[in-house]
Amino acid sequence: MTVDLMLAAARSFLFVLVTMLPILNPAATAPIFLSMTEGASPATRILLASRIARNMFWLMTGSMLIGSYVLDFFGISLPIVRIGGGLILASVAWRLLGATPQTQDSRAALAEAYTLDHAHRQAFYPLTFPISCGPASISVAITVGVTLHDVELVMSAARMGAALLALALIGVLLYLAFRYGEHFLRLIGEAGTAVFLRLTAFILLCLGVQIVWDGVRELLLEIMAFSSQPTTIHTVALWR
């Protein structure tokens with residue numbers, strides 16, 4: 001039994017790591033984090049990176065453990081979550097695309113205005129949600145949580161424990177990417193940084209539109225399936 005539990009835990013760990021890491025993708029969101037915290041001191045960015053990593057872990061944990069029950073309680077479907085979250089993600093990306101480059105004077109003004117209180121207000125929204133973990137990762141986490149449940153309580157606990165370890169590892173990678181991402185941008189220079197940030201913001205915008213379309217498509221499929229049911233019943237009745 002112990003060997004079975006260890007194997008199940010190992011499979012769950014790898015499953016969550018391989019599934020969630022490409023979606024959360026800390027390396028891709030690090031430039032967005034740096035752009036939105038321009039003017040913050042290194043100490044403030046380190047504090048923000050730590051808070052965002054913790055927020056991501058707890059948000060993904062909650063989505064994985066109780067996300068499906070919360071949605072059922074409020075009568076919210078996953079397509080609606082995708083549409084709402086995708087619109088938020090697209091709006092944030094649009095603002096980043098339209099942002100003007102900062103001059104030396106504006107950066108100094110930003111540094112004075114970017115206080116710890118300002119950082120605390122931005123730690124969850126929008127830096128954690130929807131930048132670091134958006135509707136796509138939440139919906140996947142809910143689906144993964146349903147998959148990991150087992151009829152045996154011990155087996156389910158082993159799988160969930162391994163899943164939380166995988167989320168913790170992703171949180172560490174997110175923290176490291178946000179904390180040391182500035183060194184990478186410094187290597188490619190100011191012009192390369194501007195191009196890279198615009199490209200990342202555009203990809204983020206496309207991702208938000210894609211998430212909205214996925215939600216709309218699922219709703220349309222549900223409507224089509226629901227509308228076809230009376231026709232099928234009526235046809236069967238006439239045939240009889």
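In this predicted model, the second largest pocket holds about 340 Å³ of space. Its lining is made up of 25 residues, and those that lie nearest the centre of the pocket are Ile23, Ala28, Thr29, Leu204 and Leu207. Two or more lining residues come from each of helix H1 (2-24), helix H2 (26-36), helix H7 (127-132), helix H8 (135-148) and helix H9 (153-239), and H9, with seven residues, gives the most to this lining.

Helix H2 deserves a closer look. Eight of the 11 residues of H2 are buried, so this helix is largely enclosed by the rest of the structure. The buried residues of H2 are Pro26, Thr29, Ala30, Pro31, Ile32, Phe33, Leu34 and Met36; Thr29, listed here as buried, is also one of the residues nearest the centre of the second largest pocket.

Closed space was searched for as well as open space. Across the whole structure, the search finds one cavity of 30 Å³ or more, and the largest cavity has a volume of about 30 Å³. Ile32, Ser35, Leu96, Leu197, Arg198 and Ala201 line the largest cavity, with H2 and H9 each supplying at least two of these lining residues. H9 gives the most to the lining of the largest cavity, with three residues, just as H9 gives the most to the lining of the second largest pocket. Ile32, which belongs to the lining of the cavity, is among the buried residues of H2.

On the surface, a nonpolar patch is formed by Leu65, Ile66, Tyr69, Val70, Phe73, Phe74, Ile76 and Ile80, which together have about 820 Å² of accessible area. Helix H3 (residues 42-74) gives the most to this patch, with six residues. Tyrosine 69, a member of the patch, is placed in helix H3, and tyrosine 69 counts as exposed because its relative accessibility is 52%, where the cut-off for exposed is over 50%.

The cysteines offer a further comparison of burial. With a disulfide taken as a pair of cysteine sulfur atoms within 2.5 Å, the count of disulfides comes to zero. The relative accessible areas of two cysteines are set beside that of tyrosine 69 in the table.

| Residue | Relative accessible area | Class |
|---|---|---|
| Cysteine 133 | 1% | buried |
| Cysteine 206 | 37% | partly exposed |
| Tyrosine 69 | 52% | exposed |

Cysteine 133 is classed as buried because its value of 1% falls under the 20% cut-off, whereas cysteine 206, at 37%, is classed as partly exposed because this class spans the values between 20% and 50%.

Note on methods
Residues are numbered from 1 along each chain as its sequence is written. This is a predicted model: local features need pLDDT of at least 70, side-chain atom pairs count only at pLDDT 80 or more; totals for chains, interfaces and linings use all residues. Side-chain values use heavy atoms; hydrogens and water are left out. Patches are made of residues with over 30% relative accessible area and no salt bridge: like charges are joined within 9 Å, nonpolar side chains (Val, Leu, Ile, Met, Phe, Trp, Tyr) within 5 Å. Accessible areas come from the Shrake-Rupley method with a 1.4 Å probe; for residues, only the protein chains shown count as cover. A salt bridge is a side-chain nitrogen of Lys or Arg within 4 Å of a carboxyl oxygen of Asp or Glu. Helices (H or I, at least four residues) and strands (E, at least two) are DSSP runs, numbered from the N terminus. Buried means under 20% relative accessible area, exposed over 50%, partly exposed in between (1.4 Å probe, protein chains only). On a 1 Å grid over the protein atoms alone, a cavity is a set of points where a 1.4 Å probe fits but cannot get out, and a pocket is an open set with protein on both sides within 12 Å along at least five of seven lines; lining residues have an atom within 4 Å of a point. Grid points are joined across faces, edges and corners, and a volume is the space filled by probe spheres set on the points.
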